[in-house]
Amino acid sequence: MAKVVSVTGKASSSCPVQIRFRCAKCGKDADITRYLNFSTEVTLQNKQARQAGAGQIARAQAEAEMAGSVDWRLESAVRELKHNTASLMDQPHKPSSIFWPPLRCPACGIVNRPDAGCKRGLLMQRSIKWALIALLVVGGTAAVMAALGGPLRLSGPFRLQALYVFLACLAIAAALFLVDKGLSKKAYDDPQLMEKVFGSVLNDAMVADMTPYGFDEIHIGSER
């Protein structure tokens, strides 16, 4: 059976965006640079992967694909900005994520959250977030030990204990999530709780300048 050979080429594009707003707490004007980071990859397999310069060819194809897709990616980003779901990163070419850096006022340090009619997302309190991450690591490790204990030559009692640890982590995580969900919902109607628990204020007048890319200034979070 022939061995499968593959070569992957990657390309990325980073588009800086100026975010402007007047802090809803201290009233100071803020101008923050964020980045819309896009990436793509092309994989050559078998005969194509074995040809001379396959790596350069894959990279060239990825770069061509990226160049041809930037416009529609930016159009999609405009829609996401209006819904406050755009992945705005604080560094160019940094992988996009659903956990993007908050828009923090440079003057007073508080986080300004776009809230101009968009769907309100779940807020995550810092201590609960880190607790959930820790539970994910511990519970995930325990689940692997319980499920793959045979190949790992683990004893039956140890695998049972690992299963109990996994179930305990799952229960605690569910409880923490429900607590955070309740706090998040309440905070949207209580500015003092929003600031105390989540270190944030709601701001209905935050703008993303997309004019360098042929679009208008976007009122962040203005559409549901």
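Which residues of α3 are buried? In this predicted model, they are Ile-128, Leu-132, Leu-135, Gly-139, Ala-142 and Ala-146. The close-ups below start with that helix and then work through the sheet, helix α2 and a few loop residues.

**View 1. Helix α3 keeps its buried residues on one side.** Zoom in on residues 126–147, the 22 residues that make up α3. From first C-alpha to last, α3 reaches 31 Å, close to the 32 Å expected at 1.5 Å a residue. Pick out Ile-128, Leu-132, Leu-135, Gly-139, Ala-142 and Ala-146, the buried set. They cover an arc of only 105° around the axis, so they end up on the same side of α3. Swing round to the other side of α3 and you meet Arg-126, Trp-130, Leu-136 and Val-137, which are exposed.

**View 2. Helix α4 is the packing partner of α3.** The buried residues of α3 pack against α4, residues 156–187. A handy pair to look at here is Gly-139, one of the buried residues of α3, and Leu-163, which sits in α4. Their C-alpha atoms are separated by 8.8 Å, with the two positions 24 residues apart along the chain. Leu-163 itself is partly exposed, at a relative accessible area of 35%.

**View 3. Five strands make an open antiparallel sheet.** Reading across the sheet, the order is β3-β2-β1-β6-β7. β3 and β7 are the edge strands, each pairing on one side only. Further in, β1 and β6 pair in the antiparallel sense over three bridges. For a landmark on that seam, find Gln-18, whose bridge partner in β6 is Asp-209. Out towards β7, three bridges join β6 to β7, and these two strands also run antiparallel. Here Val-207 stands opposite His-219 in β7.

**View 4. β1 and β2 form a hairpin.** This view follows the antiparallel pair β1 and β2, joined by 17 bridges. At the turn end, look for Arg-22, which stands opposite Asp-29 in β2. Six residues lie between the two strands. One residue of the turn, Gly-27, has a positive phi of about 80°.

**View 5. Helix α2 lies across the sheet, with a bend at Ser-69.** Now bring in α2, which spans residues 54–82 and has 29 residues. From its first C-alpha to its last, α2 reaches 41 Å, close to the 42 Å expected at 1.5 Å a residue. Even so, α2 bends by about 45° at Ser-69. The helix lies across β1, β2, β3, β6 and β7, running at about 140° to β2. Just after α2, check the backbone at Asn-84, where phi is positive at about 60°.

**View 6. What do the buried residues of α2 pack against?** Their partners are β1 (6–22), β2 (29–45), α1 (47–50), β3 (88–89), β6 (207–209) and β7 (217–219). The buried set runs from Ala-54, Ala-58 and Ala-62 through Met-66, Ser-69 and Val-70 to Arg-73, Leu-74, Ser-76, Ala-77, Val-78 and Leu-81. Notice that Ser-69, where α2 bends, is among the buried residues. For contrast, take Ala-64, also in α2: at 52% relative accessibility, Ala-64 counts as exposed. If you want a long ruler across the model, try the C-alpha atoms of Ala-64 and Asp-204, which are separated by 39 Å. Those two residues are 140 residues apart along the chain.

**View 7. Two loop residues, Asn-46 and His-93, have positive phi values.** Most residues other than glycine have a negative phi, which is why this pair gets a panel. Asn-46 is found in the loop between β2 and α1, and its phi is about 55° although it is not a glycine. With a relative accessible area of 35%, Asn-46 is partly exposed. Over in the loop between β3 and β4 (111–114) sits His-93, with a phi near 65°. His-93 also counts as partly exposed, at 48% relative accessibility.

Note on methods:
Residues are numbered from 1 along each chain as its sequence is written. This is a predicted model: local features need pLDDT of at least 70, side-chain atom pairs count only at pLDDT 80 or more; totals for chains, interfaces and linings use all residues. Side-chain values use heavy atoms; hydrogens and water are left out. Helices (H or I, at least four residues) and strands (E, at least two) are DSSP runs, numbered from the N terminus. The expected span of a helix is 1.5 Å times one less than its number of residues. The bend at a residue is the angle between axes fitted to the seven residues ending there and the seven starting there. Buried means under 20% relative accessible area, exposed over 50%, partly exposed in between (1.4 Å probe, protein chains only). Contact means heavy atoms within 4.5 Å. Two strands pair if DSSP finds at least two bridges between them. Axes are lines fitted to C-alpha atoms, for helices over the stretch in contact, and angles run from 0 to 180 degrees between N-to-C directions. The arc is that of the directions from the helix axis to the C-beta atoms.
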